[in-house]
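Me: I would like a close look at one part of this model, namely its disulfides and what surrounds them. Please take me through it in a connected way.

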Amino acid sequence: MGQRRRSGPRRQSQSVVVVVVAVLLATASCAAAQLSQSYYASTCPNVETLVRGAVTQKLKETFNAAPGTLRLFFHDCFVRGCDASVLIAGPDDEHSAGADTTLSPDALDLITRAKAAVDADAQCANKVSCADILALAARDVVSQAGGPYYQVELGRLDGKVGTRAVVKHSLPGAAFDLDQLNKLFATNGLTQTDMIALSGGHTIGVTHCDKFVRRLYQFKGAAPQYSPPMNLAFLRQMRQTCPLSYSPTTVAMLDAVSPNKFDNGYFQALQQLKGLLASDQVLLADRRSRATVNYFAANQTAFFDAFVAAITKLGRVGVKTAAGSDAEIRRVCTKVN
């Protein structure tokens, strides 16, 4: 009898989780129905060409815009949904909180240029949302960096506000274990396979020393933190890049195999125990996700297919498709409040 009374709250809690996940999945399905690849066919038929041109020009100037734009899209979707609220800059907005403070200036510039290119077309002016421009730009940087080209669902509206307070709890931490990663991604309607495929976006890009320095050194008095194994030679190399007196601006490549190409090198690096972030290397260390890592490392086509499926689902998270008090088409993407 006593045991049954104690188990009641747990069952209720589990039921609530199931209901919440079911609602999120239903919301994602509804968003997919409202979005369309041909959304701008009559209002701005050249939108994809215009955005792609801006991406091409920016990548000629700096490759940094590629990983930066992909990260910008991910951060936007995981905080308040894919509504370009991450582009709003102000003291109380997303841009000034947590990991969003290190968003790439080159990525922000790319979106500004893409918006200008779209609005310079008389047929398109003020008809295409910043959220859709960001989704298209994310696809184009992936493709132009060597990754897959895929069709993008369109029809998102822009959020009018950002929320600084929710950023910290909406994005994965560099030291997350598999359970933490799966829980966070599940709240956005994404599976473990989706999470691993999206993590593969780290095949391009960098991270700052402070995100992995505790994998390189033991700090007296620091709270214990799980750290998956690291290749010894790679560890020594990273200590050269990030000494104890590292600069806050120092960065290291997330993919030690082919850092400037969107491919499956990230997964091959994990197999070599060269994952910088604990949240990356744990994907191989944990036997529940290891098989998927090994599969993607051996089969780039499988990784690309899974990535396209995952980023398409990501693009449906929390979208706004009806103009109202919290949604609009912004005239300026990188808005300052």
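Reply: What follows goes through the disulfides of this predicted model and then turns to the nonpolar surroundings.

By a sulfur-to-sulfur cut-off of 2.5 Å, the count comes to four disulfides, and when the bonded cysteines are numbered in sequence order, the pairing reads 1-4, 2-3, 5-8, 6-7. Three of these links are described here in turn.

Cys 77 and Cys 82 are joined with their sulfur atoms 2.0 Å apart, and because the torsion about their S-S bond is about 120°, this disulfide is right-handed. Cys 77 and Cys 82 are both buried.

The disulfide of Cys 130 and Cys 333, with sulfur atoms 2.1 Å apart, is left-handed, with -95° about the S-S bond. This pair links distant parts of the chain, since Cys 130 belongs to helix α5 while Cys 333 lies in the segment after β4 (327-328), 203 residues apart. Here too, Cys 130 and Cys 333 are both buried.

In the disulfide of Cys 209 and Cys 242 the sulfur atoms are 1.9 Å apart, and the torsion about the S-S bond is about -70°, so the link is left-handed. Cys 209 sits in the loop between β2 (206-208) and α9 (232-241), whereas Cys 242 sits in the loop between α9 and β3 (251-253), so the pair ties together parts that are 33 residues apart in sequence. Cys 209 counts as buried because its relative accessibility is 1%, and Cys 242 is buried with a relative accessible area of 0%.

The surroundings of the disulfide of Cys 77 and Cys 82 can be approached through Leu 314, which, leaving aside neighbours within four places in sequence, is in contact with Phe 73, Phe 74, Cys 77, Phe 78, Cys 82, Leu 190 and Leu 198. Leu 314 and Leu 283 touch the most other members of the largest nonpolar core, which has 76 residues, and helix α5 (residues 130-144) gives that core its largest share, 10 residues. Cys 209, by contrast, is included in a second, separate core of 14 residues, along with Leu 216, Phe 234 and Leu 276.

Leu 314 also takes part in a helix packing, in which α8 (residues 192-199) and α13 (residues 300-314) meet at an angle of about 105° with their axes 8 Å apart, which means that α8 is roughly perpendicular to α13. On the α8 side the contact is made by Asp 194, Ala 197 and Leu 198, and on the α13 side the contributors include Phe 303, Phe 307 and Leu 314. The residues of this contact divide into eight nonpolar, no polar and two charged.

Key:
Residues are numbered from 1 along each chain as its sequence is written. This is a predicted model: local features need pLDDT of at least 70, side-chain atom pairs count only at pLDDT 80 or more; totals for chains, interfaces and linings use all residues. Side-chain values use heavy atoms; hydrogens and water are left out. Axes are lines fitted to C-alpha atoms, for helices over the stretch in contact, and angles run from 0 to 180 degrees between N-to-C directions. Helices (H or I, at least four residues) and strands (E, at least two) are DSSP runs, numbered from the N terminus. Angles under 35 degrees count as roughly parallel, over 145 as roughly antiparallel, 65 to 115 as roughly perpendicular and the rest as oblique. Contact means heavy atoms within 4.5 Å. Ala, Val, Leu, Ile, Met, Phe, Trp, Tyr, Cys and Pro count as nonpolar, Asp, Glu, Lys and Arg as charged, and the others, Gly among them, as polar. A nonpolar core is a set of buried Ala, Val, Leu, Ile, Met, Phe, Trp, Tyr and Cys residues joined through side-chain atoms within 4.5 Å. Buried means under 20% relative accessible area, exposed over 50%, partly exposed in between (1.4 Å probe, protein chains only).
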